[in-house]
Amino acid sequence: MRIYNVSYATVKPEGMGVWDSHGWQNINHVNIDTFRPESSEHRPETSVKLAYDEHKIYGIFRVRDKYVHCTRTRYQDPVCKDSCVEFFVQPKPPPAEPSKKLSGYFNFEFNCGGTLYCSYITDPQIINHTFKEIVMLPPEDGSQVRIFHSLPEVIDPEITLPVEWFLEFSIPLSLLEKYVGSIGNLKGQKWRANFYKCASDTSHPHWASWSPVDKLNFHLPNCFGTIVFME
């Protein structure tokens, strides 16, 4: 199982998409490098860093990419079809008793132009082309997620030459608590999570994850890795 130790943000990240800025320079990263066999030959080099403090979780993606395409511009558009990075997180660990229902998870999906899709899912079974139990976060919740994107909002036609792009975000803990209840002090907590890179409607589609998934489906909480909020 993949494990990522999340550092405390002694310096608040600036939110300007600078990978080695003062707020990010001492933060370790992980690579999103497990590609599904259904992917094309394009294998973008994708890394991510997380940090936290008493109020927020911070993240930054770095992508060395080609064939970059981006046309979805409205909140809750299907951004996974564009050049996209994603953070799925289950704030509370599943209960020890298998008879009890697992807690839900959030999926924060960002295309390279900064458009967000996010929901809270408590049952990812697919019924009639949708999840059995899902809450789409309303605009007043989604607007609390701060996003910096280094590329334009729309990229059409594709950028076919090599390009490096960045997506930085912050998520208030209070937003997560609206759905899962009190989180408390993060220090020492272990959550389940995964990171993804995808681009299903580009000329070179691909699907990659940090923690491997058993099939071409990112909504597999049993395949999530563990993130540990360090002291």
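How many helices and strands are there in the chain? Color the chain by secondary structure: two helices and 16 strands appear. Bear in mind throughout that this is a predicted model.

**Whole chain**

Select the C-alpha trace and align the view to its principal axes, along which the trace spans about 50 × 45 × 35 Å. The radius of gyration is 17 Å, which agrees with the value near 17 Å for a compact globule because that is what the rule gives for 231 residues.

Next, color by relative accessible area. Buried residues, meaning those under 20%, make up 54% of the 231 residues. Then switch to contacts: among those with a separation of 6 or more, 66% join residues 24 or more positions apart.

**Surface and charges**

Show the accessible surface. The chain exposes about 10500 Å², and carbon and sulfur atoms supply 52% of that area. Now select the charged side chains, which comprise 23 positive and 27 negative charges. The mean positions of the two sets lie 4 Å apart.

**The β9–β10 hairpin**

Select residues 116-127 for strand β9, then add residues 130-136 for strand β10. In which sense do β9 and β10 pair, and over how many bridges? The pairing is antiparallel, over six bridges.

Zoom in on Ile-126, whose bridge partner in β10 is Phe-131. From there, move to the turn: β9 and β10 form a hairpin with two residues between them. Select Asn-128 in this turn and read its backbone torsions; phi is positive, at about 55°.

Finally, show side chains along the strands. In a regular strand, the side chains alternate between the two faces of the sheet.

Conventions:
Residues are numbered from 1 along each chain as its sequence is written. This is a predicted model: local features need pLDDT of at least 70, side-chain atom pairs count only at pLDDT 80 or more; totals for chains, interfaces and linings use all residues. Side-chain values use heavy atoms; hydrogens and water are left out. Two strands pair if DSSP finds at least two bridges between them. Helices (H or I, at least four residues) and strands (E, at least two) are DSSP runs, numbered from the N terminus. The radius of gyration is taken over C-alpha atoms; the globule rule is 2.2 Å times the number of residues to the power 0.38. Buried means under 20% relative accessible area, exposed over 50%, partly exposed in between (1.4 Å probe, protein chains only). Contact means heavy atoms within 4.5 Å. Accessible areas come from the Shrake-Rupley method with a 1.4 Å probe; for residues, only the protein chains shown count as cover. Lys and Arg count as positive and Asp and Glu as negative; His and the chain ends are not counted. The place of a charge is taken as NZ of Lys, CZ of Arg, CG of Asp or CD of Glu.
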